[in-house]
Amino acid sequence: MFSYCTDPASLEGLQWLSCYLTTGKHMSMYYAFGTVLLLLAITAPVALAFGFGGASAARSHFAPLRWFGKAYIAIVRGIPDIAFFLFFVIALDQGFEFIRHKIKCPDWQEPVRQGNDFVICTAAKLPLGNAPQWVHESYGFALAVLTFAIVFGAFAANVLFGAMRAVPHGQLETAEAYGMSRRQTFWRILVPQMWVYALPGLSNLWMVLIKATPLLFLLGVEDIVYWARELGGSKQPQFTDYPHPDWRMWYFLALLVFYLAFTKVSEVVLDRIMARLTHGQATAAGEAQRKAAA
């Protein structure tokens, strides 16, 4: 905070704006941009791990595992994201608390379900009521990450499953003819080559994941959408030192610019990764590179 911000009523023009944009609530909004980036940085690899596991399960020769993988892909992809987020976070939270309730309060006699209420002992609460605020925020963020990872993991699983099937079967047969086991063929032949087929779909999924980050607001996380709505609404002089009319349009315009810039950077990076993966490959992109070089 600037030194001249001690008396906001005497400020005008750029000085007023500079003080307004450096208030504590605005700092929280700036930190929320970091929250969104952290969510993407954690969720993307976790969702990819869920996807790889789901795709591997869907092509398993063990029937129950194959059914589980295909059911995971079909069910999660078939539920609207917003409905899944609103339901699953509550169900997951209550599931964790129910397990802790059974462990920590084995002598509890009352039913856990009492009408619409979910009643457990105090020791089983997640997090505990006397826990610091950062613990509550971290727990909510972790639930959000897990929910995002499960949802987008199902879409990634569908992409990777198709990519695995796109790898020429003759190469797998050749590997087996050279004496490779099924596990060796999977890890040394199939997995390295599937990425060139999977990357276009994963690129689209990454863009969708970026656009889905405003759903954090629905999960109780104070993200940039929450702060844009909170700070942009009209403020009366009796409630703040920086009164202003409804400025939500400008706040959401800033979010629009942020998301457009971020997706543009993502496109550039993904294009370079795609060019590197397709170099020398017997694919349409690899053929285009060879013709361009000639």
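Modeller: A salt bridge is a side-chain nitrogen of Lys or Arg within 4 Å of a carboxyl oxygen of Asp or Glu. By this rule the count comes to two salt bridges. The model is a predicted one.

Biologist: What makes K25 and E230 a salt bridge?

Modeller: The closest N and O atoms of K25 and E230 are 3.9 Å apart. The rule asks for a nitrogen within 4 Å of a carboxyl oxygen, so the pair counts.

Biologist: Which parts of the chain does this pair link?

Modeller: K25 sits in helix 2, residues 24-58, and E230 in helix 8, residues 224-232. The two are 205 residues apart, so the pair links distant parts of the chain.

Biologist: Why is K25 called partly exposed?

Modeller: Its relative accessible area is 44%. Partly exposed lies between under 20%, which is buried, and over 50%, which is exposed. K25 therefore falls in the middle class. E230, at 27%, is partly exposed for the same reason, because 27% also lies between those cut-offs.

Biologist: How do you know that R248 and D246 form a salt bridge?

Modeller: The closest N and O atoms of R248 and D246 are 2.6 Å apart. The limit is 4 Å, so this pair counts too. R248 has a relative accessible area of 37% and is partly exposed. D246 is also partly exposed, with 42%.

Biologist: How do you know that the span of helix 2 is close to what is expected?

Modeller: Helix 2 has 35 residues, and 51 Å is expected at 1.5 Å a residue. From its first C-alpha to its last, helix 2 reaches 49 Å, which is close to that value.

Biologist: Where does helix 2 bend?

Modeller: The bend is at T43 and comes to about 25°. A proline, P45, follows within four residues.

Biologist: Where is T35, and why is it called partly exposed?

Modeller: T35 is in helix 2. Its relative accessible area is 21%, and buried means under 20%, so T35 counts as partly exposed. The C-alpha atoms of T35 and V221 are separated by 9.1 Å, with their positions 186 residues apart along the chain.

Biologist: How do you know that the length of helix 9 agrees with its residue count?

Modeller: Helix 9, residues 248-278, has 31 residues and should span 45 Å at 1.5 Å a residue. Its end C-alpha atoms are 44 Å apart, so the two values agree.

Biologist: What makes a residue of helix 9 buried, and which ones are?

Modeller: Buried means under 20% relative accessible area. The buried residues of helix 9 are Y251, L255, F258, Y259, T263, S266, L270 and T278.

Biologist: Why is L253 called partly exposed?

Modeller: L253, placed in helix 9, has 40% relative accessibility. This value is neither under 20% nor over 50%, so L253 counts as partly exposed. L253 and A228 are 9.7 Å apart in space, C-alpha to C-alpha, and 25 residues apart in sequence.

Biologist: What makes I79 partly exposed, and where is it found?

Modeller: I79 is found in the loop between helix 3 (63-78) and helix 4 (81-104). At 31% relative accessible area, I79 lies between the two cut-offs and is therefore partly exposed.

Biologist: Which residues lie nearest the centre of the largest pocket?

Modeller: They are R59, H61, R182, F186 and L190, out of 18 lining residues. About 530 Å³ of space lies in this pocket.

Biologist: Which helix gives the most to the lining of the largest pocket?

Modeller: Helix 7 does, with six residues. By class, the lining has seven nonpolar, five polar and six charged residues.

Notes
Residues numbered from 1 in each chain as written. Predicted model: local features only at pLDDT ≥ 70, side-chain atom pairs only at ≥ 80, totals over all residues. Heavy atoms only, no water. Buried < 20%, exposed > 50% of the residue type's maximum accessible area, 1.4 Å probe, protein only. Expected span 1.5 Å × (residues − 1). Bend = angle between axes of the 7 residues up to and from the residue. 1 Å grid on protein atoms, 1.4 Å probe; cavity = no way out; pocket = protein on both sides within 12 Å on 5 of 7 lines; lining within 4 Å. Points joined across faces, edges and corners; volume = space filled by probe spheres on them. Nonpolar A, V, L, I, M, F, W, Y, C, P; charged D, E, K, R; others polar.
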